[in-house]
Structures are given as C-alpha cells and as structure tokens.
Amino acid sequence: MEGIVVKGIQKNFGKKTVLQDVDLQIKPGKIYGLLGRNGAGKSTLLSIIANRIFPNMGTITLDGQTVFENDKALGQMYLMSERNLYSKSSKLKHLLGTTELLYGNFDYEYAYQLAEKFSLDLNQKFGKLSTGYRSIFKLIVSLCVPAKYILLDEPVLGLDANHRELFYREMVDNYVKTGKTFVISTHLIEEITNSLEHIFIIKNGQIIIDGDVEDVLNKAYLVSGPAKEVAQYTAGLNVIGQEKLGNIQGDYVFGKLDSERVLPDTVTVEKPNLQKLFINLTNTKEENK
Ligand SMILES: Nc1ncnc2c1ncn2[C@@H]1O[C@H](COP(=O)(O)OP(=O)(O)OP(=O)(O)O)[C@@H](O)[C@H]1O
C-alpha cells in the first residue's frame with residue numbers, strides 16, 4: 001500500500017500500555033493533524049513511525065516496505081521533535097550542513113530565506129537561542145530537508161502568535177509547491193484547523209477519530225435551548241458532551257441527528273468548530289460533570 005501504513009501498534013512502557021491497536025494510513029500529499037490530550041501517546045506514535053523507538057507489537061511500512069532498520073525508507077521521513085538533538089556550541093549554519101550529510105540535497109536557499117522571514121541570524125550558536133527560536137530553527141530545517149514525509153511533533157512550541165501564523169503559511173506554501181506530506185501533532189487546534197485535511201484523534205493510546213476534517217465536522221452538531229426540550233430532542237442520539245448555563249443546555253452530538261424529530265422553535269442546531277468537538281470527544285467523565 002502507498003504511503004506510511006501503521007498496523008496493530010502496541011507500545012508498553014513498563015506495565016503501562018501507552019498505545020494500543022493503532023492502525024492508520026498516511027497517504028502521500030496531504031496535511032494530517034494528530035490531535036490528542038497531554039499524555040495521549042502522540043509523541044510515542046510519531047517516534048515509532050520514524051523508527052526512533054520500537055513498538056512491542058505491530059508494523060510500520062512505507063510503500064509496502066518495513067521501516068525497521070531500512071535506511072532508504074527512513075531517509076524519506078523526517079521527524080522534528082521537542083528533543084534538542086543539536087550540539088549547543090554549533091553555529092546554526094553549520095548545523096544545516098550536518099542535516100545535508102544525513103539527508104542529502106538540503107535547500108540552503110530556502111533555509112536562508114526562511115531565516116530572514118523569521119529574523120533568525122544563522123551565525124548564532126544553537127545553545128544561545130531562546131526556546132521559541134530553537135523551535136523556529138528546527139522548523140526551518142524540517143521545511144528544507146528533501147524527505148517526502150515530514151513529521152512535526154508540537155512544532156510551534158514556544159512560538160509567538162505572529163511566528164505561528166508565519167509558520168502555518170510557510171508550511172502550506174511548501175506543501176503546495178512540493179506535494180510533501182506533513183503530519184503535525186499539536187494542541188493548538190483552532191489556529192491550525194484550516195491548514196489540515198485529515199485528522200487522527202488519539203485518546204488514551206487509541207485512535208478514536210480518523211477522517212477528513214470536513215467529514216468529521218459534518219458529523220458534529222451543537223443542539224441548544226431550554227434543557228427539557230434539548231434533552232427530548234437528543235434522547236437516544238450520540239451525545240458526547242454537554243454545556244449548561246442556568247436552564248439553557250447545549251448538547252454536542254456526534255453522528256446523525258434523527259430527521260424524523262421535529263425541532264422545537266426554542267431549540268437551535270449549530271455546527272461546532274474542531275476545537276469544541278475535540279474537547280468534547282476527549283473529555284474524561286469527571287470533566288463532563
Ligand atoms: N520513555 C518513556 N518511559 C516511560 N513512559 C513514557 C516514556 N515516554 C512516554 N511515556 C508515557 O507514555 C504516555 C504517552 O506519552 P506521549 O509523550 O507519547 O504523549 P503525548 O500525547 O505526546 O503528550 P503531550 O501532548 O503531553 O506531549 C505518557 O503517559 C508518558 O508518561
């Protein structure tokens with residue numbers, strides 16, 4: 001099968017199972033979002049895909065070939081993660097050269113252009129950069145490596161709002177120009193929704209949603225109005241969350257509404273955004289109370 005295929009992945013750390021029965025496919029030429037709450041297993045999954053850590057069960061293939069100790073397949077993937085792998089005493093421009101040694105054909109011209117846009121001086125040493133600029137440097141590298149699949153684990157960590165916007169724009173621009181595939185794990189859902197085509201939502205180590213953003217959002221509804229009428233209208237539907245303010249109630253429904261039911265005049269049906277849907281799908285029972 002084309003692209004990256006993740007099949008039956010399980011990962012345990014000690015006695016704890018942090019990923020279970022994870023199956024998914026990353027097809028070439030799309031922008032994917034990997035969304036999940038703190039500790040859901042996003043970084044672990046991305047590290048397994050990039051062969052940085054090994055699963056207890058399951059396989060990862062790229063275009064049908066295992067990625068396990070397969071340099072050719074791994075050369076087509078680049079994982080940018082929170083971990084700082086760079087030597088603190090190295091100048092940024094020299095670190096670009098190190099990346100070229102590993103991945104070949106590094107796009108220096110583009111890297112210099114991006115550095116200028118982000119006001120990053122490449123003559124500085126990595127260790128002297130602020131948290132945000134460390135992320136920016138790593139992002140610049142990930143946009144300029146020749147790999148076909150770019151995995152970004154919390155890419156905008158520490159970036160201010162202006163730099164985050166600039167990064168999303170550059171990523172989409174790069175995607176349009178190169179047709180590369182991006183997989184981004186993030187908590188900042190609202191601001192990235194428009195850049196994503198497909199999402200995976202991971203909860204407690206399992207994929208609970210796998211679909212195109214539009215299709216997923218088409219299944220979500222927010223039904224609001226007086227508590228009694230709302231409860232009647234949503235009875236028996238897949239209500240995944242609820243908001244209450246006095247006597248006014250908002251039920252989040254995921255799936256289908258019942259077209260046979262008459263919507264009372266006092267009740268409205270809206271489409272929630274991805275962030276609201278995510279919060280409701282991933283809330284724990286305690287948080288729903
Ligand atoms: N090396 C490790 N040893 C033991 N437990 C680990 C290790 N790495 C991750 N974990 C545990 O695995 C679970 C998943 O962690 P992971 O970092 O993949 O989550 P995440 O979704 O990326 O979270 P966050 O959004 O907070 O970064 C957590 O409970 C974490 O404590």
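**Exercise 1. Helix α9**

Which residues of helix α9 (residues 227–234) are buried? Work out how they are arranged and what they face.

Solution. The model is a predicted one.

Step 1. The buried residues of α9 are V230, Y233 and T234.

Step 2. These residues cover an arc of only 85° around the axis, which puts them on the same side of α9.

Step 3. Turn to the opposite face. The face of α9 turned away from its buried side carries K228 and Q232, both exposed.

Step 4. Look for the packing partners. The buried residues of α9 pack against three strands: β11 (220–226), β12 (239–245) and β13 (248–254).

Step 5. Follow the chain past the helix. Just after α9, G236 has a positive phi of about 85°.

**Exercise 2. The sheet that contains β1**

Describe the four-strand sheet by its order, its edges and its pairings.

Solution.

Step 1. The sheet is open, its order is β2-β1-β4-β5, and the pairing is antiparallel.

Step 2. Its edge strands are β2 (16–26) and β5 (65–66), each of which pairs on one side only.

Step 3. Take the pair at the β2 edge. Seven bridges join β1 and β2 in the antiparallel sense. One register point is N12, whose bridge partner in β2 is T17.

Step 4. Examine the connection. β1 and β2 form a hairpin with two residues between them, and G14 in the turn has a positive phi of about 60°.

Step 5. Take the pair at the β5 edge. Strand β4 (residues 57–62) runs antiparallel to β5 and is joined to it by two bridges. Here T61 has T66 in β5 as its bridge partner.

**Exercise 3. Helix α1 and the ligand**

Where does α1 lie relative to the strands, and how many of its residues are buried? Relate the helix to the shell around the ligand.

Solution.

Step 1. α1 lies across β1 (4–13), β2 and β4, and runs at about 125° to β1.

Step 2. Seven of the eight residues of α1 are buried, so the helix is mostly covered. The buried ones are K42, S43, T44, L45, L46, I48 and I49.

Step 3. List the shell. The ligand is surrounded by F13, V18, G36, N38, G39, A40, G41, K42, S43 and T44.

Step 4. Assign the shell to elements. Helix α1 (residues 42–49) gives the most, with three residues.

Step 5. Sort the shell by residue class. Three of its residues are nonpolar, six are polar and one is charged.

Step 6. Leave the helix at its end. Just after α1, N51 takes a positive phi of about 65°.

**Exercise 4. The six-strand sheet**

What is the order of the six strands in the open sheet, and is the pairing uniform or mixed? Locate a parallel pair and an antiparallel pair.

Solution.

Step 1. The order is β6-β7-β8-β3-β9-β10, with mixed pairing.

Step 2. β6 (77–80) and β10 (206–212) are the edge strands, each pairing on one side only. From one strand to the next, the twist averages 15°.

Step 3. For the parallel pair, take strand β3 (residues 31–36) and strand β9 (residues 198–203), which pair over five bridges. L35 has I201 in β9 as its bridge partner.

Step 4. For the antiparallel pair, take β9 and β10, joined by six bridges. F200 has D210 in β10 as its bridge partner.

Step 5. The hairpin of β9 and β10 has two residues between the strands, and N204 in this hairpin takes a positive phi near 45°.

**Exercise 5. The whole chain**

Why does L101 count as exposed? Then place this residue in the overall fold.

Solution.

Step 1. L101 belongs to helix α3 (residues 92–103).

Step 2. L101 counts as exposed because it has 8 C-beta neighbours inside 10 Å, and the cut-off for exposed is 12 or fewer.

Step 3. Compare its position with the hairpin residue of Exercise 4. L101 and N204 are 103 residues apart along the chain, and their C-alpha atoms are separated by 38 Å.

Step 4. Set this distance beside the overall dimensions. The C-alpha atoms of the protein fill a box of roughly 65 × 40 × 35 Å along the principal axes.

Step 5. Complete the inventory. The protein has eleven helices and 14 strands, and buried residues make up 34% of its 289 residues. Among contacts between residues at least 6 apart in sequence, 69% join residues at least 24 apart.

Conventions
Residues are numbered from 1 along each chain as its sequence is written. This is a predicted model: local features need pLDDT of at least 70, side-chain atom pairs count only at pLDDT 80 or more; totals for chains, interfaces and linings use all residues. A residue is near a molecule or strand if its C-beta atom, placed from the backbone, lies within 6 Å of it. Ala, Val, Leu, Ile, Met, Phe, Trp, Tyr, Cys and Pro count as nonpolar, Asp, Glu, Lys and Arg as charged, and the others, Gly among them, as polar. Two strands pair if DSSP finds at least two bridges between them. Two residues are in contact if their C-beta atoms, placed from the backbone, lie within 7 Å. Axes are lines fitted to C-alpha atoms, for helices over the stretch in contact, and angles run from 0 to 180 degrees between N-to-C directions. A residue is buried if 20 or more other C-beta atoms lie within 10 Å of its own, exposed if 12 or fewer, and partly exposed in between; C-beta atoms are placed from the backbone. The arc is that of the directions from the helix axis to the C-beta atoms.
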